[in-house]
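These are my notes on what I looked up in this structure, entry by entry.

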4 protein chains.
Amino acid sequence: MEANELLGENAHIRGIQMENDEEPQIHITRLEVKTLAAAKQIGKLQGKYVTLEVPDLRKKDPDLQDRVANRFAKELTAFINVPEQAVVLVIGLGNWNVTPDAIGPLVVEDLFVTRHLFSLMPEVIDEGFRSVCALAPGVLGITGIETSEIVQAIVDRLHPDLVIAIDALAARSLDRVNSTIQISDSGIQPGAGVGNRRRALNRETLGVDVIAIGVPTVVDAATIASDAMDLLLQTLENKVPGNGAGRIFGQFAPQEKRALIAEVLQPLGNNLMVTPKEIDEFVDDIAHVVAMGLNVALHPGMSMEDARELTH
Amino acid sequence: MEANELLGENAHIRGIQMENDEEPQIHITRLEVKTLAAAKQIGKLQGKYVTLEVPDLRKKDPDLQDRVANRFAKELTAFINVPEQAVVLVIGLGNWNVTPDAIGPLVVEDLFVTRHLFSLMPEVIDEGFRSVCALAPGVLGITGIETSEIVQAIVDRLHPDLVIAIDALAARSLDRVNSTIQISDSGIQPGAGVGNRRRALNRETLGVDVIAIGVPTVVDAATIASDAMDLLLQTLENKVPGNGAGRIFGQFAPQEKRALIAEVLQPLGNNLMVTPKEIDEFVDDIAHVVAMGLNVALHPGMSMEDARELTH
Amino acid sequence: MEANELLGENAHIRGIQMENDEEPQIHITRLEVKTLAAAKQIGKLQGKYVTLEVPDLRKKDPDLQDRVANRFAKELTAFINVPEQAVVLVIGLGNWNVTPDAIGPLVVEDLFVTRHLFSLMPEVIDEGFRSVCALAPGVLGITGIETSEIVQAIVDRLHPDLVIAIDALAARSLDRVNSTIQISDSGIQPGAGVGNRRRALNRETLGVDVIAIGVPTVVDAATIASDAMDLLLQTLENKVPGNGAGRIFGQFAPQEKRALIAEVLQPLGNNLMVTPKEIDEFVDDIAHVVAMGLNVALHPGMSMEDARELTH
Amino acid sequence: MEANELLGENAHIRGIQMENDEEPQIHITRLEVKTLAAAKQIGKLQGKYVTLEVPDLRKKDPDLQDRVANRFAKELTAFINVPEQAVVLVIGLGNWNVTPDAIGPLVVEDLFVTRHLFSLMPEVIDEGFRSVCALAPGVLGITGIETSEIVQAIVDRLHPDLVIAIDALAARSLDRVNSTIQISDSGIQPGAGVGNRRRALNRETLGVDVIAIGVPTVVDAATIASDAMDLLLQTLENKVPGNGAGRIFGQFAPQEKRALIAEVLQPLGNNLMVTPKEIDEFVDDIAHVVAMGLNVALHPGMSMEDARELTH
């Protein structure tokens with residue numbers, strides 16, 4: 001994901017289409033990877049990617065949260081190509097016990113699920129409400145079952161017309177953390193999240209359209225270490241006169257860098273994450289925004305005001 | 001459930017077999033309902049029922065907790081009629097956001113799940129460890145999917161040899177709360193828990209043996225009101241001389257009593273529960289005991305000491 | 001507290017002044033107990049009592065929450081008789097580990113505290129902001145220190161001009177639970193809350209004006225039992241012809257009733273509370289409303305919109 | 001703190017006394033800074049410092065936890081120079097809402113406080129139990145009151161004979177995190193913890209002996225970045241032949257390094273912390289160990305078994 005990082009460089013690659021959109025405090029990037037060749041070139045799967053970047057989302061401004069939910073709902077709606085009577089299954093990936101990995105389960109709890117009402121009390125369902133159900137399947141270490149197996153099992157039984165999967169992501173850069181929402185129709189890639197979930201959820205594996213929603217909530221500690229080294233190297237290169245820099249740093253291979261990073265983090269290994277101190281509040285806030293947006297996008301009959309009331 | 005309540009009256013009913021067992025601070029009742037006639041007579045399904053009553057379990061004594069886990073493991077083992085290479089699926093029913101309903105999900109988190117290890121890293125699995133997986137499916141109001149549908153979907157895909165379902169119960173009497181663990185092979189009945197889960201999980205519905213483990217954590221407020229009325233009626237009857245009592249109380253029909261109770265609880269309706277103030281600690285403790293017992297019962301190669309280490 | 005219950009009967013007692021006010025979905029009662037004689041007669045301390053009753057507060061309607069916060073701020077402002085440059089100490093009573101007792105600590109966390117800013121960074125403080133500080137002292141069983149001693153110690157050192165104490169209450173009736181906010185200038189009475197906090201916080205003990213804010217969040221299980229018995233007795237009396245009722249029920253003394261209630265609740269004793277299942281959400285919501293109202297009432301320069309942004 | 005880091009270099013400085021002790025899986029360092037000159041030289045205050053290093057503490061082994069609690073109790077006892085009838089006030093510093101900063105408040109909740117029992121029910125107090133009370137005062141951003149002012153106020157009122165302050169620390173190195181417990185009689189230094197608490201708690205400021213207990217639970221993200229740069233510089237120096245290294249890196253001033261680090265972390269600034277994913281469990285476990293140790297050290301009549309039962 002993290003599509004927009006690629007904008008500058010990739011804007012003119014064949015098979016890539018890209019556009020930016022802007023509203024106050026919200027920057028939207030829409031990227032489409034149209035050909036396999038382009039996909040290989042930029043290291044992403046074929047498909048559509050939308051990224052909302054909202055640095056001020058960390059500032060706890062309810063008006064901005066509303067506007068982001070609204071815009072997110074609109075962008076998401078463009079991904080939802082199923083009729084109103086379709087059944088939508090929302091999957092909240094991640095571990096509800098690990099705060100930065102809890103976005104998915106938190107969104108599930110805030111969803112307006114209706115599938116059971118359609119069968120149990122259809123009279124309470126107004127027009128404009130879709131049949132929505134949801135599951136937070138938990139993580140492999142707790143269930144002993146691959147997440148994709150659980151989702152597949154539910155899909156095989158309920159035959160939803162669309163799966164929407166929400167997951168926390170480990171950002172490649174600090175400025176993404178808790179300020180970015182990503183939508184894609186290319187599925188959720190294995191190991192993309194905070195934990196290690198392995199098999200992809202996408203149309204090929206599940207046999208149904210999958211929309212992935214990703215929210216970066218942490219940065220890997222290795223990223224911090226790597227960034228620090230890169231910045232230092234770059235600073236040093238500027239200092240070394242002539243072609244001295246090439247002499248020194250040309251010898252510095254990627255695997256050497258990885259070894260150094262591993263040495264820095266060695267006592268606690270790969271389980272380290274970098275988060276802001278206010279992580280609990282950030283995660284609550286963004287889960288709320290995503291849930292509001294989902295509720296509005298899934299139920300055409302629901303206004304943002306309804307969503308605000310229903311979404312706790 | 002609540003088998004032991006029936007002991008006194010039912011000990012001599014045909015088709016009912018019953019025995020008591022005792023160790024310090026722990027009272028065990030084993031009940032078997034052998035015939036359909038007996039089942040109808042006592043209002044329970046055919047099957048085996050074991051109840052551990054441990055009033056001191058509320059006292060936070062780790063030694064007693066260990067002994068209860070141990071005894072529970074032994075009783076449970078008698079229910080587990082599958083070979084060592086069988087796959088066991090543990091279902092933690094209930095809502096992890098409502099403390100007294102969270103027993104099931106809490107136990108799931110404390111289980112030693114191994115199914116993924118058998119395929120991913122079989123070399124770490126010692127002999128004496130079964131393939132165990134687990135799921136906390138959540139409640140209907142959050143998922144929009146009947147719990148039984150989710151379980152059925154997982155069963156259809158994973159083909160476990162045994163399902164064990166753990167649930168919080170609303171006790172019929174205060175002295176059961178947080179001091180009782182119940183095991184049964186007759187499945188989990190609809191609506192038995194704190195919430196309203198509707199379709200039964202049993203061999204008929206799932207096509208696989210189901211062991212139900214129930215832990216009463218609340219009393220319905222209606223039960224308190226009902227008990228208070230019964231006690232008052234009884235006290236009054238003792239006071240009324242001659243056959244006056246019959247005259248008054250004979251007119252008092254069950255539905256009339258239910259109407260009175262509803263009137264008492266009217267402002268907050270059926271969502272009221274009665275819990276001790278220390279409910280969080282109690283629920284944690286009992287979930288821990290159940291998880292330790294399950295770990296030992298499911299993995300013959302695991303000692304209580306291993307279980308204590310592994311069960312957080 | 002629970003002033004309004006007394007309205008009907010006491011409206012015409014000498015030394016009692018009372019008025020009702022109404023806005024959509026909110027009923028306000030203002031009671032003043034002016035004389036010692038009146039205080040004795042109705043069993044309340046001399047002072048002013050305002051009660052906001054909002055049955056729909058349980059419905060999670062953000063607009064209503066805003067209006068209640070607003071109205072609560074206005075009523076509270078009438079209690080605050082200190083100049084703008086005064087220092088206000090807010091005390092959040094109760095135990096943050098016991099959900100229905102956590103209102104006080106939750107409000108403290110949502111307050112806009114400024115006292116440290118006045119000394120550390122006075123330049124960020126706009127006009128219209130008071131010096132506000134806050135403490136959640138915890139409960140006797142955890143601290144080993146009487147709450148009143150902690151508060152006294154802080155008051156002796158910081159010399160605030162006003163103390164505002166917030167506490168959860170055990171309601172005398174179910175329809176108060178999670179729908180009522182009470183304000184009083186007569187201090188917080190010992191043992192009024194969910195736990196047992198013993199010495200009063202008031203002008204006599206602390207030497208500074210004390211405004212008490214109380215929110216009923218539970219009903220004692222004994223209240224349910226008692227209500228059930230009362231309703232049954234009343235129903236029976238209506239059934240017994242002639243003066244039979246008097247014969248039976250005249251013999252029924254209060255201590256006898258208390259004994260019956262104790263017998264009903266015996267296995268778990270006095271630690272039982274009756275709460276709705278959604279207690280966590282209710283407590284969060286009302287703490288939020290109280291904190292918003294406090295923020296607006298304490299800082300004349302703060303609008304409800306500011307408060308909404310600042311109050312998480 | 002982090003005394004042991006200095007061992008190698010400082011063992012032979014005048015005015016420094018140092019010893020190591022060892023038991024399986026536990027390494028103990030005892031350091032005494034005896035003179036002002038020595039204090040200046042090693043950048044620590046005069047006083048005694050004991051550090052328990054237990055890398056395996058991250059492994060959740062209850063037997064090891066018991067042994068660490070036991071050893072910690074013994075080391076702490078050597079710091080407690082008050083008679084048995086003394087009153088001890090325990091202060092749990094930090095913010096209970098920020099997991100890695102919650103050690104102090106968690107320990108307070110697990111303490112066996114007795115001060116109230118001495119006055120309310122002296123008959124339940126056996127010999128060998130000290131009068132212990134405790135407070136978790138919260139952090140400046142929530143209270144608006146300097147922590148030192150709150151503690152001073154309580155000390156002025158209760159006149160304890162000893163204050164013990166527990167705090168989470170930001171470690172200078174990853175291998176300290178969640179595996180180290182530190183004891184000192186030199187007070188708690190300003191800004192030492194996860195948050196910024198400013199004035200020291202020590203004999204000079206409070207007028208009573210202060211024992212500080214510190215547990216590193218996070219590493220600052222800046223530390224990771226700094227470590228990464230140092231390691232890279234060192235690696236590069238080894239690669240540059242002759243005196244080239246000196247030419248390049250001699251120009252590299254500390255403030256330049258700090259500027260680079262700030263640039264790396266810029267999007268989220270100083271509020272970043274590095275924690276292991278299992279931070280919640282680690283913090284619970286260590287708080288439990290510290291509380292057990294405190295309970296045994298403070299109450300000579302309490303055995304480790306009693307402590308285990310009492311310390312939830």
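**Entry 1. Chain D against chain B**

I began with the contact between chain D and chain B, in a model that is predicted. Eight residues from chain D and eight residues from chain B take part in the contact. I then looked up the buried area, which is about 730 Å² between chain D and chain B, with 54% of it from carbon and sulfur atoms. I looked for salt bridges between these two chains and the count is zero. I also looked for residue pairs in polar contact across this interface, with both residues at pLDDT 80 or more, and the rule finds zero. On the side of chain D that touches chain B, helix H12 (279-298) and helix H13 (304-310) of chain D each supply at least two residues.

**Entry 2. Chain A against chain D**

Next I took chain A and chain D. The contact here takes 41 residues from chain A and 41 residues from chain D. I noted a buried area of about 3,900 Å² between chain A and chain D, of which carbon and sulfur atoms give 71%. The salt-bridge count between chain A and chain D is zero. For polar contacts between chain A and chain D I found two residue pairs, both residues of a pair being at pLDDT 80 or more. I listed the elements of chain A that give two or more residues to the side touching chain D: helix H9 (221-239), helix H10 (244-249), helix H11 (254-265) and strand S9 (272-276). H9(A) gives the largest share of that side, with twelve residues.

**Entry 3. How chain A maps onto chain D**

Two copies of a chain are related by a rotation about an axis and a shift along it. What I wanted was the rotation and the shift for chain A and chain D. Chain A superposes on chain D after a rotation of 180° with 0.0 Å of shift along the axis, at an RMSD of 0.1 Å. I therefore wrote this down as the relation of a two-fold axis. I looked up which C-alpha of chain A is nearest the axis, and it is that of Val274(A), 2.2 Å from the axis. The same surface serves both copies, since 100% of the contact residues of chain A recur in chain D.

**Entry 4. Chain A as a whole**

I counted the secondary structure of chain A as 13 helices and nine strands. Chain A has 312 residues, and 62% of them count as buried. I also looked at contacts in chain A between residues at least 6 apart in sequence: 72% of these join residues at least 24 apart.

**Entry 5. Gln182(A)**

I picked one residue of chain A and placed it: Gln182(A) is found in strand S7 (residues 180-184) of chain A. Is Gln182(A) buried or exposed? Its relative accessibility is 1%, so Gln182(A) counts as buried. I then took the C-alpha separation of Gln182(A) and Gly214(A), which is 5.0 Å, although the two are 32 residues apart along the chain.

**Entry 6. Strand S8 of chain B**

I moved to chain B and strand S8 (residues 209-220), which is mostly covered, with ten of its twelve residues buried. I went through its pairings in turn. Strand S6 (residues 162-171) of chain B runs parallel to S8(B), and ten bridges join them. Asp209(B) in S8(B) is the bridge partner of Leu162(B). Strand S7 (residues 180-184) of chain B runs antiparallel to S8(B), joined by three bridges. In S8(B), Gly214(B) stands opposite Gln182(B). Strand S9 (residues 272-276) of chain B is also antiparallel to S8(B), with two bridges between them. There I noted Met273(B) in S9(B) as the bridge partner of Asp220(B).

**Entry 7. Strand S5 of chain B**

Last I checked strand S5 (residues 131-135) of chain B, which is mostly covered: five of its five residues are buried. In a regular strand the side chains alternate between the two faces of the sheet. I sorted the residues of S5(B) by face: Ser131(B), Cys133(B) and Leu135(B) lie on one side, Val132(B) and Ala134(B) on the other, and all are buried. Both faces of S5(B) are thus covered. For its pairing I found strand S4 (residues 87-92) of chain B, parallel to S5(B) over five bridges. Val132(B) in S5(B) is the bridge partner of Val88(B).

Notes. Residues are numbered from 1 along each chain as its sequence is written. Chains are lettered from A and ligands numbered from 1 in the order in which they are written. This is a predicted model: local features need pLDDT of at least 70, side-chain atom pairs count only at pLDDT 80 or more; totals for chains, interfaces and linings use all residues. Side-chain values use heavy atoms; hydrogens and water are left out. Buried means under 20% relative accessible area, exposed over 50%, partly exposed in between (1.4 Å probe, protein chains only). Helices (H or I, at least four residues) and strands (E, at least two) are DSSP runs, numbered from the N terminus. Two strands pair if DSSP finds at least two bridges between them. Copies are superposed by least squares on the C-alpha atoms of residues with pLDDT of at least 70 in both. Contact means heavy atoms within 4.5 Å. Buried area is the accessible area (1.4 Å probe) that two parts lose on being put together, summed over both. A salt bridge is a side-chain nitrogen of Lys or Arg within 4 Å of a carboxyl oxygen of Asp or Glu. A polar contact is a pair of N or O atoms within 3.5 Å; within protein, one must be able to donate a hydrogen and the other to accept it, and residues adjacent in sequence count only if both atoms are side-chain atoms.
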